[in-house]
Amino acid sequence: MQGSERTKVGPALIVLAAAGGLGACNTASPVLTTGSIPDRKPPMVVSDAERDCLGRAMYFESNRSDSDGLVAVGTVVMNRLENAIFPGGICAVVGQPGQFAPGVLTKPMQEKDLQKVADAADAVLAGERHPKVGKAMFFHTAGHHFPYTNMHYVAVAGGNAFYEKRDRRTAKLEKQDKPAQQDKPATPALPATALTFAAVPAPPAVSP
């Protein structure tokens, strides 16, 4: 379940046909009502590329579902962003190898979905989180079953089952501050992101 500089995008949508990563904006007020309001987080102001990476993960991993499914995936991305075992900005989290759907950063998105995805991404960046997903950082397609005993399921949304890993998480977190690892790059070089819905304006930031 990758950051880059702010990019100027014209009215036409930019689509790159390249292969990408797996299957983890400017706003301060929610623009989407999904029923997923509890446990709000402080708003974030990020570049167009970071906003786009978040929206892409939400779009491709939620089976292009309703806002509830989109926000659920966005919650996982933001949970990973806040966790030291998934370092980097939003694009680094989304582009981490073996985590989100292949090509998530570069595949074309359908124009009819752009406003819906942009609204959902802006709501997440404004602090909205899915109340049932909570602190979960993992999910898989709903209906699949695995023999592991450390998967604690918390929600099903957008065709995905969301879960926490209850075993060994503390041990992984304790490894984060080793000096020898801090100087290493968090992830390999990332592919350029196709800013497909950055042309959809984000709501203006407001003073707290």
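**Exercise 1. Work out the pairing in the sheet.**

Start at one pair: alanine 157 stands opposite asparagine 160 in β3. This is a predicted model, in which local features need pLDDT of at least 70, side-chain atom pairs count only at pLDDT 80 or more, and totals for chains, interfaces and linings use all residues. Residues are numbered from 1 along each chain as its sequence is written, and side-chain values use heavy atoms, with hydrogens and water left out. Helices (H or I, at least four residues) and strands (E, at least two) are DSSP runs, numbered from the N terminus. Two strands pair if DSSP finds at least two bridges between them.

Task: find the strand order and the partners of β3.

Solution.
- Step 1. β2 and β3 (residues 160-165) are antiparallel, with six bridges.
- Step 2. Within this pairing, methionine 151 has lysine 165 in β3 as its bridge partner.
- Step 3. β1 and β3 are also antiparallel, over four bridges. Here threonine 141 is bridged to asparagine 160 in β3.
- Step 4. The order is therefore β1-β3-β2, in an open sheet of three strands with antiparallel pairing. β1 (138-141) and β2 (151-157) are the edge strands, each pairing on one side only.
- Step 5. From one strand to the next, the twist averages 30 degrees. Axes for this angle are lines fitted to C-alpha atoms, for helices over the stretch in contact, and angles run from 0 to 180 degrees between N-to-C directions.
- Step 6. Look at the turn. The hairpin of β2 and β3 has two residues between the strands, and glycine 158 there takes a positive phi near 60 degrees.

**Exercise 2. Check helix α1 for length and burial.**

Task: what span should the 14 residues of α1 have, and how far apart are its end C-alpha atoms?

Solution.
- Step 1. The expected span is 1.5 Å times one less than the number of residues. For α1 (residues 48-61) that gives 20 Å.
- Step 2. The end C-alpha atoms are 20 Å apart, which agrees.
- Step 3. Buried means under 20% relative accessible area, exposed over 50%, partly exposed in between (1.4 Å probe, protein chains only). In α1, 14 of the 14 residues are buried, so the helix is largely enclosed by the rest of the structure.
- Step 4. Just after α1, asparagine 63 has a positive phi of about 55 degrees.

**Exercise 3. Describe the disulfide.**

Task: which cysteines are joined by a disulfide?

Solution.
- Step 1. Apply the rule: a disulfide is a pair of cysteine sulfur atoms within 2.5 Å. The count comes to one.
- Step 2. Cysteine 53 is joined to cysteine 91, S to S 2.0 Å. The link is right-handed, with 95 degrees about the S-S bond.
- Step 3. The pair links distant parts of the chain, 38 residues apart: cysteine 53 lies in helix α1 and cysteine 91 in helix α3.
- Step 4. Cysteine 53 is buried at 0% relative accessibility. Cysteine 91 is buried at 2%.

**Exercise 4. Place threonine 75.**

Task: is threonine 75 buried or exposed?

Solution.
- Step 1. Threonine 75 lies in helix α2 (residues 67-81).
- Step 2. Its relative accessible area is 0%, so threonine 75 is buried.
- Step 3. Contact means heavy atoms within 4.5 Å. Beyond neighbours within four places in sequence, threonine 75 contacts Arg129, His130, Val133 and Gly134.

**Exercise 5. Judge the confidence.**

Task: what is the mean pLDDT of the chain?

Solution.
- Step 1. pLDDT is the predictor's confidence in each residue, from 0 to 100. The chain mean is 73, and 61% of residues reach 70 or more.
- Step 2. Residues 2-37 have pLDDT below 50.
- Step 3. Where pLDDT is low, the predicted coordinates should not be read in detail.
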